[in-house]
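Subject: Structure for you to look at

Hello,

Here is the structure I promised to hand over. Please open it and keep it on screen while you read.

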2 protein chains.
Amino acid sequence: MADLVYQKIITSLKKSIDDGEYSDMRLPDERSLAESYSVSRSSIKRALGLMADQGIIFKKRGSGTFVNPLYLKQGSSFSYSGKNLGITDSFNANGQKPGVKVLKFDVVHPDKDLQDNLFLKPSEFVYSFERLRFLDDVPFMIETGYIPIKLAPELSEQIASESIFNYVESELGKEVNKTYLTISAQPSDEEGKELLNLSANEPVGLMEGIFFLDDGTPFEFSTMKLHYKYFKYDSFVDLGNK
Amino acid sequence: MADLVYQKIITSLKKSIDDGEYSDMRLPDERSLAESYSVSRSSIKRALGLMADQGIIFKKRGSGTFVNPLYLKQGSSFSYSGKNLGITDSFNANGQKPGVKVLKFDVVHPDKDLQDNLFLKPSEFVYSFERLRFLDDVPFMIETGYIPIKLAPELSEQIASESIFNYVESELGKEVNKTYLTISAQPSDEEGKELLNLSANEPVGLMEGIFFLDDGTPFEFSTMKLHYKYFKYDSFVDLGNK
DNA sequence: GTATAAAATTGGGCCGCTCCAATTTATGAA
DNA sequence: TTCATAAATTGGAGCGGCCCAATTTTATAC
């Protein structure tokens, strides 16, 4: 990625862990690491802090830093491929080929809910679109999205059939990299049964997301209905009992 | 909470935001904040960094720090009551009174899956228990948990009927504060229909969690089946398109 | 006016140090 | 040997500084 000190340390430490260099599951103390990497303790702390946030290691004041024993295992629920999966523009599935079909593409006024979520006035317009997403030609997700026209004036059905976020980044020079996500589940509705080939008793997973530009502007409100077999969200959580 | 500098700054800044002190949605620059709070810029950075992680503010190099416009709003999908809701030992529901009923409580050998997830040998024993949880006397969740006996030798059905984590903390002096969570959904099975009063087409939300002690020891593996109407998980995600 | 270039602003990264708190280890008395 | 105490270890918090990169603002030229 970048040539940042703490990033390189993370990469290096991960490799050391993978190579089984810390057979006792214990990392060297921060001061030693700082010396052996010839960097400041601050940089070591930054690296270890991030790794702890990702659940790779555990830090305990007074005793040391330890490898998460499940980080190495295969087959356990731990996959650790990334922090939080499931919501990339191009659902980076495991080798499966993604597809998109645009079902609707309109310009409308936002309803009250949308006005709140995208911080809009009732008079402003939003693009409204519906997309069906595929993995290896199998439909797995119905996506309903809303984007204020003022934020992406040139948006088109053509762009929606490819990647909206890529367009925003390359053509508008903006970046979408934060989301507020609400995850839930529902019985499948008519649309779900039809488009996702669900039977009556099979549910959909629901992911409602507000996507933000890097300066905090709410950019898109999206409702994603997923076939329940494709619905999986992993996360490492700090319960913060403090 | 604590009397840490960066915590106090976070509290203060949140208040300022709530009070509408930054009507242009823009916070003072870090150097100014450091001066006005009479702290180092490092502490300001730490405070702002944490607030950015929580989605309260957005930082953009070169331009400044901005309040998330949705942080203030009501009615929007944003609740922001905490970081990630949904998984406290005593599901801290909004004023609703929690209840627990222990359905099963045994000691067994772990199967292969459990051995992986709790890092156990086949010969070791685990407590196996099933609990039904209520909110205002309405059942909403079936919980199946496994805890190695070596980690909590004195565990009992009595303790399971109250709070296991509170017991661990107060009696064993350990702390459970990290979880690896996998979230998904399923059609309701017989157990769900019966105990959660679900009809055939109504699903359950599934949360599989591995709970860790503060030193990284996997402490409990838990499968939580939730009535879909009580199943909601909020999170603020960094998509990390970097 | 408008486009270009320079300067100022602002957050990012890194250093190296001090002091502190939690924990572990070593010490020594009973 | 046991147990209380002291010392050493280890991560946490905080400071104040340096330089850099992205962005915005200002100044300058045409």
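Below is what was found, first around the DNA and then between the helices.

Please remember that this is a predicted model.

**DNA strand C**

Start with DNA strand C. It is surrounded by 24 residues. The closest are A:V5, A:Y6, A:S43, A:R61 and B:E30. Which parts of the strand come within 4 Å of the protein? Sugar or phosphate accounts for 65% of those atoms, and bases make up the rest.

Some side chains can be picked out one by one. A:S42 has a polar side-chain atom 3.1 Å from a base nitrogen of DNA strand C. The side chain of B:R61 also places an N or O atom 3.1 Å from a base nitrogen of this strand. B:T65 meets the backbone instead: an N or O atom of its side chain is 3.1 Å from a phosphate oxygen.

Both chains take part. Chain A gives two or more residues from each of α1 (5-18) and α3. Chain B does so from α2, α3, β2 (57-60) and β3 (64-67). Which element gives the most? It is α3(A), with three residues. By class, the surface near DNA strand C has twelve charged, eight polar and four nonpolar residues.

**DNA strand D**

Now move to DNA strand D. Here, too, 24 residues surround the strand. A:R31, B:V5, B:Y6, B:S43 and B:R61 are the closest. Of the strand's atoms that come within 4 Å of the protein, 65% are sugar and phosphate.

Look for three contacts with phosphate oxygens of DNA strand D. A:T65 has a polar side-chain atom 3.1 Å from one. For B:S40, an N or O atom of the side chain is 3.0 Å away. For B:R46, the distance from a polar side-chain atom is 3.0 Å.

In chain A, α2 (30-37), α3 (41-53), β2 (57-60) and β3 (64-67) each supply at least two residues of this surface. In chain B, α1 (5-18) and α3 (41-53) do so. The most comes from α3(B), with three residues. Twelve charged, eight polar and four nonpolar residues make up the surface near DNA strand D.

**Helices in chain A**

Next, find α1(A) and α3(A). Their axes come within 9 Å and cross at roughly 60 degrees. The two helices are therefore oblique to each other. The crossing is right-handed.

Which residues of α1(A) meet α3(A)? They are A:V5, A:Y6, A:I9, A:I10, A:L13, A:K14 and A:I17. On the α3(A) side are A:S43, A:I44, A:R46, A:A47, A:L48, A:L50 and A:M51. By class, this contact has eleven nonpolar, one polar and two charged residues. A:V5, A:Y6 and A:S43 are also among the closest residues to DNA strand C.

**Helices in chain B**

Last, turn to α2(B) (residues 30-37) and α3(B). They pack at an angle of about 110 degrees, with their axes 8 Å apart. Are they roughly perpendicular or oblique? Angles of 65 to 115 degrees count as roughly perpendicular, and α2(B) and α3(B) are therefore roughly perpendicular to each other. Their crossing is right-handed.

From α2(B), the contact uses B:E30, B:R31, B:L33, B:A34 and B:Y37. From α3(B), it uses B:R41, B:I44, B:K45 and B:L48. By class, the contact has five nonpolar, four charged and no polar residues. One of these residues, B:E30, is also among the closest to DNA strand C.

Best wishes

Key
Residues are numbered from 1 along each chain as its sequence is written. Chains are lettered from A and ligands numbered from 1 in the order in which they are written. This is a predicted model: local features need pLDDT of at least 70, side-chain atom pairs count only at pLDDT 80 or more; totals for chains, interfaces and linings use all residues. Side-chain values use heavy atoms; hydrogens and water are left out. A residue is near a molecule or strand if one of its heavy atoms lies within 4 Å of it. A polar contact is a pair of N or O atoms within 3.5 Å; within protein, one must be able to donate a hydrogen and the other to accept it, and residues adjacent in sequence count only if both atoms are side-chain atoms. Helices (H or I, at least four residues) and strands (E, at least two) are DSSP runs, numbered from the N terminus. Ala, Val, Leu, Ile, Met, Phe, Trp, Tyr, Cys and Pro count as nonpolar, Asp, Glu, Lys and Arg as charged, and the others, Gly among them, as polar. Axes are lines fitted to C-alpha atoms, for helices over the stretch in contact, and angles run from 0 to 180 degrees between N-to-C directions. Angles under 35 degrees count as roughly parallel, over 145 as roughly antiparallel, 65 to 115 as roughly perpendicular and the rest as oblique. A crossing is left-handed if the near helix is turned anticlockwise from the far one by less than a right angle, and right-handed if clockwise. Contact means heavy atoms within 4.5 Å.
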